[in-house]
Amino acid sequence: MNAPNSRASKREPYTTHQNVCVLERQIFDFLGYQWAPILANFVHIIIVILGLFGTIQYRPRYIKGYAVWLVLWVTWNVFVICFYLEAGDLSKIMDSVGASLLAPK
């Protein structure tokens, strides 16, 4: 069994908290029918596991794949954050030409 002073027992509360947060997010995503974020989270979790495995086993192919995925993941998250904060030219509101097409007649 694990000794009370082992590293695994020290990491357990953080890991448990992290798993609960991920589970809550998945439940809310399912309730809101947001299938794309659920699939993206699932792919992200799988790639993180492969990246960790590649790091532990020193498999350069997995490490390179994880590095590429991480750049894409961070870029996408920065875009989403900027879009919702309407930073720069990103805006959720259409310009006057597009808005006039959708205006009731």
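Which helix has the lowest mean pLDDT among the elements of the protein, and which the highest?

**Figure 1. Confidence along the predicted model.** Helix α4 (residues 96–102) has the lowest mean pLDDT, 52, and helix α3 (residues 60–85) the highest, 87. The term pLDDT is the predictor's confidence in each residue, from 0 to 100. The protein averages 75, and 70% of the residues score at least 70. This is a predicted model, in which local features need pLDDT of at least 70 and side-chain atom pairs count only at pLDDT 80 or more, whereas totals for chains, interfaces and linings use all residues. Residues are numbered from 1 along each chain as its sequence is written, and side-chain values use heavy atoms, with hydrogens and water left out. Helices (H or I, at least four residues) are DSSP runs, numbered from the N terminus.

**Figure 2. Helix α2 and the residue after it.** The 23 residues of α2 (residues 35–57) should span 33 Å at 1.5 Å a residue, which agrees with the 33 Å between its end C-alpha atoms. The expected span is 1.5 Å times one less than the number of residues. Ile38, Asn41, His44, Ile47, Gly51 and Gly54 are the buried residues of α2; buried means under 20% relative accessible area (1.4 Å probe, protein chains only). An α-helix has 3.6 residues a turn, so residues three or four places apart point the same way. Tyr58, just after α2, has a positive phi of about 50 degrees.

**Figure 3. Helix α3 and the residue after it.** For the 26 residues of α3, a span of 38 Å is expected at 1.5 Å a residue; the end C-alpha atoms are 37 Å apart, which agrees. Glu86 follows α3 and has a positive phi, near 55 degrees.

**Figure 4. The largest pocket.** Its volume is about 390 Å³. A pocket is an open set of points on a 1 Å grid over the protein atoms alone, where a 1.4 Å probe fits, with protein on both sides within 12 Å along at least five of seven lines; lining residues have an atom within 4 Å of a point. A volume is the space filled by probe spheres set on the points, which are joined across faces, edges and corners. Among the lining residues are Gln18, Arg25, Asn41, His44, Tyr66 and Trp73. Helices α1 (7–31), α2 and α3 each supply at least two lining residues.

**Figure 5. The second largest pocket.** This pocket has a volume of about 330 Å³. Of its 15 lining residues, Arg25, Pro37, Trp76, Asn77 and Val80 lie nearest its centre. Helix α3 gives the most to the lining, with 9 residues.

Note on methods:
Buried < 20%, exposed > 50% of the residue type's maximum accessible area, 1.4 Å probe, protein only.
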